[in-house]
Amino acid sequence: MPRPVKVPHVGGHIERLIGRLMGEVHLLSGTTFSDPRQRGEYDAEGRARITQSEFEWWLALQIVGIYHASEHRQLLRPPLAVWEEAIAALPLHRRREPPANDDPLLLDFLPFRTPAVGGQTIQLFNLVYHDPILKHWQVRREKPIVRYDKRDMSQVWVFDDAADRYWPISLRDPIPGRISFWEHQQARQALRAQGYLTVFG
């Protein structure tokens, strides 16, 4: 749901965090700055020094290890301490235990597609996935909700309404290690440039 117009306090918490993080991001080598005028002749791509995976670790550290553990200017205490105190003050019947497994929460935030099922297989971005569990959707002639993580396309997750859970589905033709969405696209472009996709599809 979008934030209501002219009600800035509704989104203040996350915007404050984003503002602080953007200030830190611009200290990294390879920053693109806030606008082209500020960037000037700075070679952002040439000066980039960290990978996407390294940036994700850096971002998690900034949020969990630094922001939530540092004194807040208005709270005068670390946000984590304020959160834990507020949770401890709740009546027991209103407290919720953290999930034993973070995967379902993570998967709920991933993008999804609803591909058709054929022969116990599904296809996303020209990648074919196979698992006998897909037969359930094939029999019902339904299109499942398939979540995917562009950082690792070696498997996807199909949501099962009846079981209220996700089933991991692997590539029909397994590959060693992981392959990202962007690596897959580059590989296809390279094959297309060589003419293989013209012949073999």
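Hi everyone, let's start in the middle of the sheet: strand 5 and strand 6 run antiparallel and are joined by six bridges. One of the residue pairs there is Asp160 with its bridge partner Arg165 in strand 6. The two strands make a hairpin with four residues between them, and in that turn Asp164 has a positive phi of about 55 degrees. Before I go on, please keep in mind that this is a predicted model.

Let me step back to the whole chain for a moment. It has nine helices and six strands. Of its 201 residues, 23% count as buried. The accessible surface comes to about 15,300 Å², and carbon and sulfur atoms account for 56% of that. For those of you who like contact statistics, take the contacts with a separation of 6 or more: 48% of them are between residues 24 or more positions apart.

Now, the sheet. How are the six strands ordered? The order is 1-4-5-6-3-2, in an open sheet with antiparallel pairing. Strand 1, residues 112-113, and strand 2, residues 121-124, stand at the edges; each has a single partner strand, so one side of each has no neighbour in the sheet.

Let's walk in from the strand 2 edge. Strand 2 is joined by four bridges to strand 3, residues 127-130, and the two run antiparallel. Within that pairing, Ile122 has Tyr129 of strand 3 as its bridge partner. Moving on, strand 3 is joined to strand 6 by two bridges, again antiparallel. Here Tyr129 turns up once more, with Leu171 of strand 6 as its bridge partner. From strand 6, the six bridges I opened with take us to strand 5.

That brings me to the packing. In soluble globular proteins, nonpolar side chains tend to be buried together. What does the largest nonpolar core look like here? It has 18 residues, and the ones with the most contacts inside it are Ile122, Leu124, Tyr129, Leu134, Met153 and Val156. Strands 2, 3, 4, 5 and 6 each give two or more residues to this core, strand 4 being residues 146-149. Strand 5 supplies the largest share, three residues. Apart from this core there is another one, of five residues, and Leu107, Leu110, Phe159 and Tyr166 are among them.

I'd like to zoom in on Val156, which lies in strand 5, residues 152-160. Is Val156 buried or exposed? With 0% relative accessibility, it counts as buried. Leaving out residues up to four places away in sequence, Val156 touches Ile122, Leu124, Tyr129, Val146, Arg147, Tyr148, Trp167, Pro168 and Ile169. Take Ile169 from that list: it is 13 residues from Val156 in sequence, yet their C-alpha atoms are 5.3 Å apart.

Leu124 is another of the core residues with the most contacts. With the same exclusion of residues up to four places away, Leu124 touches Arg113, Pro115, Tyr129, Val146, Tyr148 and Val156.

Next, let's go to helix 8. This helix has 14 residues, and it reaches 20 Å from first C-alpha to last, close to the 20 Å expected at 1.5 Å a residue. Which residues of helix 8 are buried? They are Phe181, His184 and Arg188. These three cover an arc of only 65 degrees around the axis, which means they sit on the same side of helix 8. On the other side, Gln186, Ala193 and Gln194 are exposed. Just after the helix, Gly195 takes a positive phi of about 90 degrees.

His184 deserves a quick look. Its relative accessibility is 9%, and it therefore counts as buried, the cut-off being under 20%. Beyond residues up to four places away in sequence, His184 touches Phe125, Asn126, Leu127 and Ile179.

Last stop: Ser180, in the loop between strand 6, residues 165-171, and helix 8, residues 181-194. Ser180 is a loop residue, and at 11% relative accessibility it counts as buried. What does Ser180 contact, aside from its neighbours within four places in sequence? The partners are Lys150, Arg151, Asp152 and Met153. Met153 is also among the core residues with the most contacts, and Asp152 falls within strand 5, residues 152-160.

That's my tour; thanks for listening!

Technical notes:
Residues are numbered from 1 along each chain as its sequence is written. This is a predicted model: local features need pLDDT of at least 70, side-chain atom pairs count only at pLDDT 80 or more; totals for chains, interfaces and linings use all residues. Side-chain values use heavy atoms; hydrogens and water are left out. Buried means under 20% relative accessible area, exposed over 50%, partly exposed in between (1.4 Å probe, protein chains only). Contact means heavy atoms within 4.5 Å. Two strands pair if DSSP finds at least two bridges between them. Accessible areas come from the Shrake-Rupley method with a 1.4 Å probe; for residues, only the protein chains shown count as cover. A nonpolar core is a set of buried Ala, Val, Leu, Ile, Met, Phe, Trp, Tyr and Cys residues joined through side-chain atoms within 4.5 Å. The expected span of a helix is 1.5 Å times one less than its number of residues. The arc is that of the directions from the helix axis to the C-beta atoms.
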